[in-house]
Amino acid sequence: MARIVFGMFPAWGHVAPTVAVAQELAARGHEVVYATHPSMETRLEAAGLKRLRTFEWAARGVLSQEHTRRHGFDISWFLQVARGWPRSVFLEDLEGGTERLIEALAAWKADILIADPLFAPGPVA
């Protein structure tokens with residue numbers, strides 16, 4: 001059976017639409033993991049899925065979500081994140097994220113990478 005990685009932009013709205021597909025693939029005997037930010041891990045585990053723990057890439061959008069969750073909405077933080085839009089949100093650490101993804105895919109011996117269009121390291125890897 002195949003070893004399948006879902007590379008997802010780290011926001012639940014991007015991950016959630018793939019969960020049923022990943023669950024069905026796992027039910028059919030494939031090994032399935034997600035390459036995404038650790039903040040998605042609890043929800044993935046609740047769905048019976050795993051995160052590829054050897055990979056981490058975080059866009060600033062996720063960092064701002066975590067900041068808002070912890071401290072409430074702060075317009076100054078939002079403006080700081082938005083200043084470099086879209087580069088700061090989607091392309092932050094693209095080179096390092098791509099290198100880490102390639103290493104993680106090789107180490108896990110992935111057969112297939114299914115990448116969210118906003119998961120910047122995916123298409124490059």
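The expected span of a helix is 1.5 Å times one less than its number of residues. In this predicted model, helix α6 is a handy place to try that out. The helix has 15 residues, and the distance from its first C-alpha to its last is 21 Å, close to the 21 Å expected at 1.5 Å a residue.

A good part of α6 is tucked away. The buried residues in this helix are G96, G97, T98, L101, A104, L105 and W108. What covers them includes three strands, β1, β2 and β4, along with helix α7 (121-124). T98, which sits in α6, makes a good example. Its relative accessibility is 7%, and because the cut-off for buried is under 20%, T98 counts as buried. Leaving aside residues up to four places away in sequence, T98 touches P121, V124 and A125.

Things change just past the end of the helix. Right after α6 comes K109, with a positive phi of about 60°. K109 belongs to the loop between α6 and β4, and a positive phi here falls in a residue other than glycine. Is K109 buried or exposed? With a relative accessible area of 60%, K109 is exposed.

Next comes the sheet. Four strands make up an open sheet in the order β3-β2-β1-β4, and their pairing is parallel. At the edges are β3 (50-51) and β4 (112-115), each of which pairs on one side only. Strand β1 (residues 3-7) is joined to β4 by four bridges, the two running parallel. Turning to β2, five bridges link that strand to β1, again in parallel. Residue I4 shows both pairings: I4 stands opposite I112 in β4, while in β2 the bridge partner of I4 is V32. To get from β1 to β2 the chain passes through α1, and this β-α-β crossover is right-handed. Helix α1 (residues 12-27) lies across β1 and β2 (31-35), and runs at about 160° to β2.

As for how covered β1 is, four of its five residues are buried. One residue of the chain to look at here is V5. Not counting residues up to four places away in sequence, V5 touches V33, A35, L105, W108, A110, I112, L113 and I114.

That leads to the nonpolar cores. In soluble globular proteins, nonpolar side chains tend to be buried together. Here, the largest nonpolar core has 14 residues, and those with the most contacts inside it are V5, A35, L52, F55, W57, L101 and F119. Both β2 and α6 (94-108) supply at least two residues each to this core. Which element gives the most to this core? The answer is α6, with four residues. A second core, separate from the one just described, has 13 residues, including A2, F6, V19 and A22.

Put together, α6 is a handy thread through the model. The helix gives the most residues to the largest core, its buried residues have β1, β2 and β4 among their cover, and just after its end K109 takes a positive phi.

Methods. Residues numbered from 1 in each chain as written. Predicted model: local features only at pLDDT ≥ 70, side-chain atom pairs only at ≥ 80, totals over all residues. Heavy atoms only, no water. Pairing = 2+ DSSP bridges. Contact = heavy atoms within 4.5 Å. Axes fitted to C-alpha atoms, helices over the stretch in contact; angles between N-to-C directions. Core = buried A, V, L, I, M, F, W, Y, C linked by side-chain atoms within 4.5 Å. Buried < 20%, exposed > 50% of the residue type's maximum accessible area, 1.4 Å probe, protein only. Right-handed = clockwise from strand over helix to strand, strands pointing away.
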